[in-house]
Amino acid sequence: QVQLVESGGGLVQAGGSLNLSCAASGRTFNSDSMAWFRQAPGKEREFVAGITWSGGTTYHADSVKGRCTISRDNAKNTVFLQMNSTIPEDTGVYYCAAGAFLRVRAQAYDYWGQGTQVTVSS
């Protein structure tokens, strides 16, 4: 059974940091692109950051560029999202996703985690 399990979410004050992790199991994702999406209440799921299978290419949404960094450790089948200088607008459920290609559209990803809540207080 393929699983993506996110962890590391929680409550943080604005300006603080969080480090999200997504552990994959069931098969190796070393050839997949991985991405983080987030969804705030009443809003559509939006792309946050993505990384190709080798880690050689990353892409971050303008809303998080300079504040968030995506990385991966293929030996551990894990992808990370380091969040710094958080703002209240970063609040939402953060989802990890895996797919064949690095895309900003959620429909491009085949596997999803259950999500982890991030709340940034002002």
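Cys-22 counts as buried, at 0% relative accessibility (buried is under 20% relative accessible area, exposed over 50%, partly exposed in between, with a 1.4 Å probe and protein chains only). This is a predicted model, where local features need pLDDT of at least 70, side-chain atom pairs count only at pLDDT 80 or more, and totals for chains, interfaces and linings use all residues. Residues are numbered from 1 along each chain as its sequence is written, and side-chain values use heavy atoms, with hydrogens and water left out.

**Exercise 1. The cysteines**

Find which residue a disulfide joins to Cys-22, and describe the link.

Step 1. Search for cysteine sulfur atoms within 2.5 Å, the cut-off for a disulfide. The whole structure yields one.

Step 2. The partner is Cys-96, with an S to S distance of 2.1 Å. The torsion about the S-S bond is -80°, a left-handed link.

Step 3. Place the ends. Cys-22 lies in strand β3 and Cys-96 in strand β9, 74 residues apart (strands are DSSP E runs of at least two residues, helices H or I runs of at least four, numbered from the N terminus). Cys-96 is also buried, at 0%.

Step 4. Check Cys-68. Cys-68 is in no disulfide; the nearest cysteine sulfur belongs to Cys-96, 15 Å away. At 4% relative accessibility, Cys-68 is buried too.

**Exercise 2. The core**

State which two residues touch the most other members of the largest nonpolar core.

Step 1. Define the set: buried Ala, Val, Leu, Ile, Met, Phe, Trp, Tyr and Cys residues joined through side-chain atoms within 4.5 Å. It has 31 residues, and Trp-36 and Leu-81 touch the most other members.

Step 2. List the elements that give two or more residues: β3 (18-25), β4 (33-39), β5 (46-51), β7 (68-73), β8 (78-83), β9 (92-99) and β11 (116-121).

Step 3. Look around Leu-81. Neighbours within four places in sequence are left aside; its contacts then include Leu-20, Trp-36, Val-48, Ile-70 and Tyr-94 (contact means heavy atoms within 4.5 Å).

**Exercise 3. Strands β7 and β8**

Work out which residues of β7 are on its covered face and how β7 pairs with β8.

Step 1. Recall the pattern: in a regular strand the side chains alternate between the two faces of the sheet.

Step 2. Sort the residues. Cys-68, Ile-70 and Arg-72 form the covered face of β7, while Thr-69, Ser-71 and Asp-73 form the uncovered one.

Step 3. Pair the strands. β7 and β8 run antiparallel over six bridges (pairing needs at least two DSSP bridges). Thr-69 stands opposite Gln-82 in β8.

Step 4. Close the hairpin. Four residues separate the two strands, and Asn-77 in the turn has a positive phi of about 55°.

**Exercise 4. Rings around Phe-37**

Classify the pairs that Phe-37 makes with Phe-47 and Trp-112.

Step 1. Set the rule: rings of Phe, Tyr and Trp (its six-membered ring) pair if their centres lie within 6.5 Å; planes under 30 degrees apart are stacked, over 60 edge-to-face, the rest tilted. The count is seven aromatic pairs.

Step 2. Phe-37 and Phe-47 are edge-to-face, at 5.6 Å centre to centre and 85° between the planes. They sit in strands β4 and β5, ten residues apart.

Step 3. Phe-37 is buried at 0%, and Phe-47 is buried at 8%.

Step 4. Phe-37 and Trp-112 have centres 5.0 Å apart and planes at 55°, so this pair is tilted. Trp-112 lies in strand β10 (residues 111-112), so the pair ties together parts 75 residues apart in sequence. Trp-112 is partly exposed, at 28%.

Step 5. Widen the view. Ring pairs link Phe-37, Phe-47, Tyr-59, Tyr-95, Tyr-109 and Trp-112 into a cluster.
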